[in-house]
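Please look over the model shown here with its charged side chains in mind. The questions that follow take up their pairing, one pair at a time.

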Amino acid sequence: MNYRKPAAALAAVALSFGLTACGGGEQSVADACNVAEKEVKDAMGDLNGIDPGDTDEATKSISSMGDALDKTEKKLENEKVKKAVGDLSSEFDKLETAFADLKAADKDTAKLTKVSEQMSTISTDIQKKGEKLDELCG
């Protein structure tokens with residue numbers, strides 16, 4: 001199995017979290033971003049430590065990160081930042097599903113290719129969502 005594409009997807013995810021995250025509502029963008037930045041950094045932990053070859057652990061880690069993003073979103077009142085964090089959380093849900101699909105694909109080359117393409121797309125989307133957060137909270 002070729003782990004390069006899933007590894008590349010994780011690398012892009014890791015890069016996107018070098019960016020700042022933010023939040024919405026009565027809360028100012030700056031205040032929401034301060035909350036989100038800390039929460040998101042804590043939630044992400046060490047993305048580089050995820051081994052795409054260990055799909056069970058990778059799925060568990062991605063799930064935990066997605067759950068933390070969901071919790072962060074609920075803490076935010078600023079609608080712009082809240083939406084940005086929610087959009088990022090949605091991408092982690094997709095990534096979690098992709099890792100489950102990766103495991104299910106086993107040695108089926110066609111399925112592995114499809115999952116790899118999905119992970120590449122998700123990785124790009126996560127990076128874009130991270131850039132939007134960075135623009136909002138910059």
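Q: In this predicted model, which residue forms a salt bridge with aspartate 87, and how far apart are the closest N and O atoms?
A: Aspartate 87 lies in helix α4 (residues 79-105), four residues from its partner, a separation of about one helical turn. Aspartate 87 is partly exposed at 24% relative accessibility, whereas the partner has a relative accessible area of 52% and counts as exposed. The salt bridge is formed with lysine 83, and the closest N and O atoms are 2.9 Å apart.

Q: Is glutamate 91 buried or exposed?
A: Glutamate 91 forms a salt bridge with lysine 94, with 3.2 Å between the closest N and O atoms, and the two residues sit three positions apart in helix α4, about one turn of the helix. Lysine 94 is partly exposed at 42% relative accessibility. Because buried means under 20% relative accessible area, glutamate 91, with a value of 4%, is buried.

Q: Which residue forms a salt bridge with lysine 60?
A: Lysine 60 is exposed at 54% relative accessibility, and its partner is partly exposed with a relative accessible area of 38%. The two are three residues apart in helix α3 (residues 55-75), which separates them by about one helical turn. With the closest N and O atoms 3.2 Å apart, the partner in this salt bridge is glutamate 57.

Q: How many salt bridges does a search of the whole structure find?
A: Side chains of opposite charge can pair when their charged atoms come close. The pair of lysine 60 and glutamate 57 is one example of a salt bridge here, and the search of the whole structure gives a total of four.

Note on methods
Residues numbered from 1 in each chain as written. Predicted model: local features only at pLDDT ≥ 70, side-chain atom pairs only at ≥ 80, totals over all residues. Heavy atoms only, no water. Salt bridge = Lys/Arg side-chain N within 4 Å of Asp/Glu carboxyl O. Buried < 20%, exposed > 50% of the residue type's maximum accessible area, 1.4 Å probe, protein only.
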